[in-house]
Amino acid sequence: MKPALDKFVQPEMNRRKFMVGLLLCSAAGVAAARQPRERIDYLGKAKLDKLVPEQIGRWKFVTSSGLVVPPQDQLAQAIYAQQLTRVYSDGEGPPIMLLLAQNGSQTGFLQIHRPETCYTAGGYQISPLKRHPINVGSKVIPANSMEADLEGRTEHIVYWTRVGSRIPPSWRDQKLAVAIQNLEGIIPDAILIRISAVSDDGPTAYAAIDEFTKAMIAAVPSQMQRVFTA
């Protein structure tokens, strides 16, 4: 009886192996066909310190130090293209602090620069994120805002990330934006824009941040504004 059964079972097993192999080959072919090939790099060879002027509206560049940044050991492990830190002052209101972190290959560098991560690592108590849309010309930037407190010092923060042609509002959406554009055959660059001010007056600080943001983007050559606004 056993040889007779083997006569039927063996061909069935071979057919199953063949179908599994065919499916695996098809999946590999689809994956290869969908491999990202087009690279988006809006910044190109431009340098952030040249692109962003030292005079923005009524604010002038005064120093590059004093900003909250990720620990050096994390930065040393990160693969990134450019970072710019500047403090601007108009001589009257609280200084405006600007941080730009650009990643030309989307390797996760922006994760350690997101304020939720960066400020927490620095020992700050942070508030929940809030939506903070900013009208810039005909576009609306879907930015976020939050407060970071440390020893009686309150920093009001507005930030957003541009990943390829999208501005995702959260870290989860940022990862999703990368995945979607990869499926579209695109390798996106990314940049984080963080603008903040230390003040006991939140509404006044946010009004100044919004004014600075609009002035900064307007001061950038029109063909390069998509670096910040997509």
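Start at the hairpin of E4 and E5, which has six residues between its strands, and select Gly91, where phi is positive, near 85°. Helices (H or I, at least four residues) and strands (E, at least two) are DSSP runs numbered from the N terminus. What you have open is a predicted model, in which local features need pLDDT of at least 70 and side-chain atom pairs count only at pLDDT 80 or more, while totals for chains, interfaces and linings use all residues. Residues are numbered from 1 along each chain as its sequence is written, and side-chain values use heavy atoms, with hydrogens and water left out.

**The strands around the hairpin**

Colour E4 and E5 next: they pair in the antiparallel sense over seven bridges, where pairing requires that DSSP finds at least two bridges between two strands. Within this pair, select Leu84 and you will find Leu100 of E5 as its bridge partner. Add E3, which pairs with E4, also in the antiparallel sense, over three bridges, and pick Lys60, which stands opposite Ser89 in E4. E4 is mostly covered, since six of its eight residues are buried; buried means under 20% relative accessible area, exposed means over 50%, and partly exposed lies in between, with a 1.4 Å probe and protein chains only.

**The salt bridges at Arg58**

Now select Asp90, which forms a salt bridge with Arg58, the closest N and O atoms being 2.2 Å apart. Asp90 lies in the loop between strand E4 (82-89) and strand E5 (96-103), and Arg58 in the loop between strand E2 (55-56) and strand E3 (59-63), so the pair ties together parts that are 32 residues apart in sequence. A salt bridge here is a side-chain nitrogen of Lys or Arg within 4 Å of a carboxyl oxygen of Asp or Glu.

Keep Arg58 selected and add Glu211, because these two also form a salt bridge, with the closest N and O atoms 3.0 Å apart. This pair links distant parts of the chain, Arg58 in the loop between E2 and E3 and Glu211 in helix H7 (residues 202-219), 153 residues apart. Arg58, Asp90 and Glu211 are thus linked in a network of salt bridges. Arg58 is partly exposed, with a relative accessible area of 40%, and Glu211 is partly exposed as well, at 38%.

The structure holds six salt bridges, and another one to display is that of Arg114 with Glu116, where the closest N and O atoms are 3.5 Å apart. Arg114 is buried, with a relative accessible area of 2%, whereas Glu116 counts as partly exposed at 23%.

**Along helix H7**

Follow Glu211 into H7 and select the ends of the helix: the C-alpha atoms there are 26 Å apart, which agrees with the 26 Å that its 18 residues should span at 1.5 Å a residue, the expected span being 1.5 Å times one less than the number of residues. Among the buried residues of H7 are Gly202, Tyr206, Ile209, Asp210 and Ile217.

From Asp210, move to His132, whose side chain is joined to that of Asp210 by a polar contact of 2.8 Å. A polar contact is a pair of N or O atoms within 3.5 Å; within protein, one must be able to donate a hydrogen and the other to accept it, and residues adjacent in sequence count only if both atoms are side-chain atoms. His132 lies in strand E7 (residues 130-136) and counts as buried at 12% relative accessibility. Leaving aside residues up to four places away in sequence, His132 touches Ile141, Ala143, Asn144, Ser145, Val158, Tyr206 and Asp210, where contact means heavy atoms within 4.5 Å.

**Ser196 and the whole chain**

Select Ser196 in strand E11 (residues 190-198), which counts as buried at 0% relative accessibility. Its side chain makes a polar contact of 2.6 Å with the side chain of Glu155. Not counting residues up to four places away in sequence, the residues that Ser196 touches include Pro95, Ile96, Tyr119, His156 and Ile209. Pro94 is 102 residues from Ser196 in sequence and 9.7 Å from it in space, C-alpha to C-alpha.

Finally, zoom out to the whole chain, which has eight helices and 11 strands. Of its 230 residues, 41% count as buried, and residues 24 or more positions apart account for 69% of the contacts with a separation of 6 or more.
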